[in-house]
Amino acid sequence: MSRDAAQAGRHDGLTRRAYGLLLRPEASVVVVSAALIIYFELANQNFLTNANIQTLSQFVAAPVIIACGEIMLLICREIDLSVGQVFALAPFLMENVHDFGLPVPLAILAALAACALIGLIIGLITIGLRVPSFITTLGMLFLITGLTLTISRGYPANTAGGPLLTGIMGVWAYSEIVWALVIVAIMHVVLRHTRWGLHTVAIGGNIIAAAEAGIAINRIKIGNFVLTSTLGGLTGLLEAFRVGSIDPLAGGSNIMFLGVASGVIGGTAIAGGAGTIIGGLVGGIMLGVLQDGFTLQGINAFTFDIVIGAAILIAMIANIHLARLRGGGPA
Amino acid sequence: MSGTTEAIRAENVVKTFGTITALAGVSLAVNWGETLGILGDNGAGKSTLIKILTGYHQPDSGHIFVDGRPVQLASVDDARALGIECVYQDLALVNGLSIYHNMFLNRELLHGGPLRLLNHREMRRRAAEALAEIGVDIPSVEVEAGALSGGQRQAIAVARAVYSKARILLLDEPLAAMGAREARLIIELIERLRPRGDIAIVMIAHNYAQTLEICDRVVLMQHGEITFESEAAATSAEELLEIVRREYRAVRTG
């Protein structure tokens with residue numbers, strides 16, 4: 001190939017990539033989010049203030065961390081409905097272990113290990129006993145709620161720990177969003193640049209092809225359940241430290257659906273085989289901007305749910321049609 | 001290559017699925033440098049046999065020998081470790097992944113270092129090279145497999161098997177879902193592999209004339225058994241058709 005031809009080829013490649021980038025579901029969400037931010041800033045001068053950006057970052061962080069797990073599960077055609085209950089359970093596990101005399105950092109690790117164990121149990125039931133994960137985790141949702149209420153006796157508790165630890169874990173205003181961004185960065189690399197991520201996509205895209213290629217399907221699926229529960233527990237701990245108290249009814253289905261919605265709005269296919277972590281981040285930012293913007297505008301929570309529902313529908317419709325434009329067939 | 005001329009041999013392989021007997025005691029052997037065609041109707045057990053030889057299914061009874069040594073093919077990885085590689089009828093590519101990711105699926109090239117990250121660049125380069133080598137014309141290896149024609153998918157799947165240094169290549173309907181030009185490409189590829197003498201090919205096919213053209217030897221499978229076996233040169237599409245017709249008549253007259 002001559003140098004000119006090579007350069008032309010590279011130029012074509014760049015154009016194709018730029019075009020492909022614009023057609024990516026995340027791109028439309030970024031555009032919509034930017035438009036929303038401009039609208040809210042014009043409608044309400046307080047939107048882009050330091051105080052509100054703190055609030056906004058706190059709205060965004062938890063769903064985004066949850067989304068990182070759910071996106072991995074959705075891509076390999078599974079879902080975890082119980083992650084919001086693990087979110088509520090984790091801080092109580094930490095407090096109980098701490099009350100037994102374990103220092104707080106170790107208590108945090110113990111709580112996370114217990115959450116990982118819950119994910120492992122979900123995975124083993126789903127894969128080993130062939131129960132659809134929708135059903136497994138629906139059962140776990142109620143089971144873990146009961147467990148949390150039993151452990152807490154229904155009462156809130158206070159978080160322990162010195163200023164440095166609690167600062168890192170959520171008391172510092174931006175700590176939760178920093179956690180979220182670090183986890184997004186790590187999970188993006190896992191999904192796009194490791195065998196684990198590639199195999200997760202392959203399983204969701206064509207499970208027979210994945211099996212024929214010798215991919216360890218069960219190991220990957222169970223691993224993603226463990227990952228999701230652990231991230232759910234971590235998010236619960238971060239929120240508990242930020243608020244300074246532990247609520248047995250924190251998180252729940254609401255945070256789980258916000259996480260799933262962030263992923264889906266950002267282009268993760270409910271039918272599996274496609275999705276990006278960055279999409280989950282921008283989806284989460286869009287939901288956060290909506291929630292925060294409406295709060296500033298004084299629009300009530302009921303209206304918010306209507307808007308969230310509509311936003312998810314619109315995003316889904318847009319994604320399906322963008323996928324058709326990309327030539328990837330039905331999404 | 002080892003001292004034996006025999007690449008792979010199956011002895012009395014039986015496989016049932018519930019009440020259905022897919023294979024009722026099948027024995028066959030293929031030598032290095034040989035291409036064996038397996039003909040037969042749908043449901044004759046051809047695909048089940050291939051899936052056993054590639055470790056995807058395990059036989060209920062019977063033995064498999066590679067290089068004359070008895071082997072247990074408990075998984076696709078086991079078979080692969082012995083150099084057995086398969087291209088399946090259901091065109092085993094993942095639509096959402098690029099061509100180069102498909103070519104390296106579960107054999108990914110990694111960067112050095114503790115993170116073991118995927119080496120996308122090297123996989124892209126080698127995939128393009130491997131496809132050019134066997135004359136598969138694809139604009140870019142970054143295209144998603146879902147955007148390819150049936151023939152292109154098959155060509156990539158065959159290229160993947162060849163590239164993976166398979167010694168025993170199992171092809172399940174390699175010419176199905178193909179235009180004449182693309183079928184030609186695969187036929188020529190198979191004919192180029194044969195003279196190397198270090199590869200054994202087992203292919204399942206429907207088209208008698210094409211199979212006799214490509215293969216050195218053919219077997220006919222009917223209801224889970226091998227009912228006819230011959231050198232390709234010593235038989236004809238007419239003779240094979242006649243055997244199948246006789247079977248139909250026998251069924252009709254009861």
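**Two helices of chain A, the contact with chain B, and the domains of chain B**

Helix 4 of chain A is mostly tucked away, with 15 of its 17 residues buried. The model is a predicted one, and the helices in it can be checked against simple geometry. For helix 4 of chain A, a rise of 1.5 Å a residue over 17 residues should give a span of 24 Å, and since the end C-alpha atoms lie 25 Å apart, the two values agree. The helix is not quite straight, though: helix 4 of chain A bends by about 25° at Leu89(A), and within four residues comes a proline, Pro91(A). After helix 4 of chain A comes Gly101(A), which has a positive phi, near 110°.

Helix 6 of chain A, residues 133-152, passes the length check too: its 20 residues should span 28 Å at 1.5 Å a residue, and with end C-alpha atoms 27 Å apart, the helix agrees with that. Its buried residues are Ser133(A), Thr136(A), Thr137(A), Met140(A), Leu141(A), Ile144(A), Thr148(A) and Ser152(A). These residues cover an arc of only 145° around the axis, so they sit on the same side of helix 6 of chain A. The spacing fits the general pattern: an α-helix has 3.6 residues a turn, so residues three or four places apart point the same way.

What does this buried side of helix 6 of chain A pack against? The partners are helix 4 (83-99), helix 5 (104-128) and strand 1 (157-158), each of them in chain A. Helix 4, the mostly covered helix described above, is thus one of the elements that the buried residues of helix 6 of chain A pack against. Turned away from the buried side of helix 6 of chain A is a face with the exposed residues Ile135(A), Phe142(A), Gly146(A) and Thr150(A). Helix 6 of chain A is followed by Arg153(A), with a positive phi, near 55°.

Turning to the two chains, 20 residues of chain A make contact with 23 residues of chain B. On the chain A side, helix 9 (195-205) and helix 10 (207-212) each supply at least two of the residues that touch chain B. Helix 9 of chain A gives the most to this side, with five residues. Sorted by class, the side of chain A that touches chain B has nine nonpolar, nine polar and two charged residues.

Chain B itself is assigned domain 1 (6-92 + 165-253) and domain 2 (94-147). Taken over C-alpha atoms, the centres of domain 1 and domain 2 of chain B are 28 Å apart.

How values were computed
Residues numbered from 1 in each chain as written. Chains lettered and ligands numbered in written order. Predicted model: local features only at pLDDT ≥ 70, side-chain atom pairs only at ≥ 80, totals over all residues. Expected span 1.5 Å × (residues − 1). Buried ≥ 20, exposed ≤ 12 C-beta atoms within 10 Å, placed from the backbone. Arc of directions from axis to C-beta. Contact = placed C-beta atoms within 7 Å. Nonpolar A, V, L, I, M, F, W, Y, C, P; charged D, E, K, R; others polar. Domains from an automatic or database assignment. Bend = angle between axes of the 7 residues up to and from the residue.
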